[in-house]
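Please look at the model shown below before reading on, and keep it in view while you follow the text. The explanation begins with one pair of side chains and then widens to the chains as a whole.

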Amino acid sequence: MGDWAGYLTLILQGAWVTVKLTLMGSALALVVAFLAGLGRISHHAPIRWLSTAYIEFFRGTSIFVQLFWIYFVLPMTGAELTPMQAGVMALGLNVGAYGAEVVRGAILAVPRGQHEACIAVNLTRWQRLRHVILPQALPLMLPTFCNNAIELLKATSVVSLISLSDMTFQAQVVRSQTGSTLMPFVTILVLYFAMSSAISFGMRRIERRVTRGLDGVR
Amino acid sequence: MEWDWDFAWSIMPTLLAGFRITLIATFLGAIVAAVLGLVFAILRRSSNRWLSRGTSFVVEFIRGTPLLVQLYFIFYVLPDLGLRLPALMAGVIGMGLHYATYAAEVYRGGIESVPRGQWEAARATNLTTRQTWLHVILPQAVPPMIPAMANYLLAMFKETPLLSAITVLELMNQAKSVANSSYRYVEPMTLVGVMFLIVSLLSVIALRWLERRYGRVSQ
């Protein structure tokens, strides 16, 4: 039981994989959330149906099932994925579906008068969204996005089950090599908690940044 | 790889056996979560500052760490400390504990949604604490909690595949063992997905009904 430093290094390597997964997964989730969220309130019915189907499917099944499906079933149709790609894809698509509902809700929460005022001053659809709707909708989305990002961080632990060497996987390695259970699991629990605290701290700063100048409006 | 109906049909009994365990785990986990959540919510309201702060920290910690790691902790660490639990029980306790922290928030939201005037009116009419809770606060606090609770129940149901990681033979684990012995992944994995989707879609309809009946509470 002497080689603590070595085992700690192993866990920290895993922590780096977890951080990478969280960042890439969040980036994908953000893009997908806006695409599907805007798709759900689109004027074109097929786009609306497609977005709804995507959202219901990914919210209706668990991340675990989606990950296994992407990792084991997709390759049989010809799309070969590394565990990392499969992990990022499952995390991004899963959390993106939850995010899409947030985007939709926030945009619908912007008062109707704002939409009508935009039409009255003859803004194009893109200008309306970019300069009037989103600046007001974004502050409404952020608190829930923060929760979603923490859910995504927590979900990264599941990728250890498709043999991606994230923090949870490395803790299992340490457990099987040393037979010690308390040290690896307590270490990663503390690390996960530190990461989720960092996310909520960072999100609060971003929130302060985007709500600046909105005090008089709301 | 072709979809094979005969094979899909032949593995159905195994999958359904797993599905039964999934339902049992969800049901028991929900009970643990509802009771522990109430305990957390009450401790958090305690007037003893250390008790309420300590509870808040524990709740934040559990919410900030993955369920899978908590399950590993209960399944691997507790036996070393002298507490050996069967896999299913470890899973139920882990899931119950994790979702209790979410349930605690729902209880808190429900209780705080009762207007202050109701507390004051109860005091003005000289009701005892017990009467205040039973006849004034709870009847108003509980209905808005119902849709939110049902939402977390569904979320917990979807998390049950994690129990396969600690060797509980639920739906996902049955599918994996079928896949490993037959080298066919398409049918078992897809069927698991379909089963979860069917239950979730039905639950979503039930949820919409609950929301109409009892009103929506923001999480």
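A:Lys154 and A:Glu151 are 3 residues apart in helix α6 (residues 125–155) of chain A, which means that about one helical turn separates them. A helix here is a DSSP run of H or I with at least four residues, a strand is a run of E with at least two, and both are numbered from the N terminus. The side chains of A:Lys154 and A:Glu151 meet in a salt bridge, with 3.6 Å from N to O, where the term salt bridge stands for a side-chain nitrogen of Lys or Arg within 4 Å of a carboxyl oxygen of Asp or Glu. Side chains of opposite charge can pair when their charged atoms come close. A:Lys154 counts as buried because its relative accessibility is 6%, whereas A:Glu151, at 33%, counts as partly exposed; buried means under 20% relative accessible area, exposed means over 50%, and partly exposed lies in between, as found with a 1.4 Å probe and protein chains only.

Before going further, note that this is a predicted model, in which local features need pLDDT of at least 70 and side-chain atom pairs count only at pLDDT 80 or more, while totals for chains, interfaces and linings use all residues. Residues are numbered from 1 along each chain as its sequence is written, chains are lettered from A and ligands numbered from 1 in the order in which they are written, and side-chain values use heavy atoms, with hydrogens and water left out.

How many salt bridges does a search of the whole structure find over all chains? The search finds 10, and two further examples can be followed in chain B. B:Glu187 forms a salt bridge with B:Arg184, and their closest N and O atoms are 2.6 Å apart. B:Glu187 counts as buried because its relative accessibility is 0%, and B:Arg184, at 19%, counts as buried as well. Elsewhere, salt bridges that share partners join B:Arg44, B:Glu60, B:Glu105, B:Arg108 and B:Glu112 into one network. Within this network, the side chains of B:Arg108 and B:Glu112 meet at 3.5 Å, N to O, and both residues lie in helix α5 (residues 87–112) of chain B, 4 residues apart, or about one turn of the helix. B:Arg108 counts as partly exposed, at 33% relative accessibility.

Turn next to the surface of chain B, where B:Ile24, B:Phe27, B:Leu28, B:Ile31, B:Val35, B:Val39, B:Leu43 and B:Leu51 form a nonpolar patch with about 650 Å² of accessible area together. A patch is made of residues with over 30% relative accessible area and no salt bridge, with like charges joined within 9 Å and nonpolar side chains (Val, Leu, Ile, Met, Phe, Trp, Tyr) joined within 5 Å. Accessible areas come from the Shrake-Rupley method with a 1.4 Å probe, and for residues only the protein chains shown count as cover. Helix α2 (residues 12–44) of chain B gives the most to this patch, with 7 residues. B:Ile31 is found in helix α2, and it counts as partly exposed because its relative accessibility is 43%.

Is B:Tyr76, by its relative accessible area, buried or exposed? B:Tyr76 is buried, with a value of 18%, and its place is in helix α4 (residues 67–80) of chain B. Leaving aside neighbours within four places in sequence, B:Tyr76 is in contact (heavy atoms within 4.5 Å) with A:Gln172, A:Arg175, A:Thr181 and A:Phe185. The C-alpha atoms of B:Tyr76 and B:Arg49, by comparison, are separated by 33 Å, with their positions 27 residues apart along the chain.

Finally, consider each chain as a whole. Chain A has 8 helices and 0 strands, while chain B has 9 helices and 0 strands. The C-alpha atoms of chain A fill a box of roughly 75 × 45 × 20 Å along the principal axes, and the C-alpha trace of chain B spans about 70 × 45 × 25 Å. Of the 218 residues of chain A, 46% count as buried, and in chain B buried residues make up 47% of the 219. The accessible surface comes to about 10800 Å² for chain A, of which 65% belongs to carbon and sulfur atoms, and to about 11500 Å² for chain B, of which 64% belongs to these atoms.
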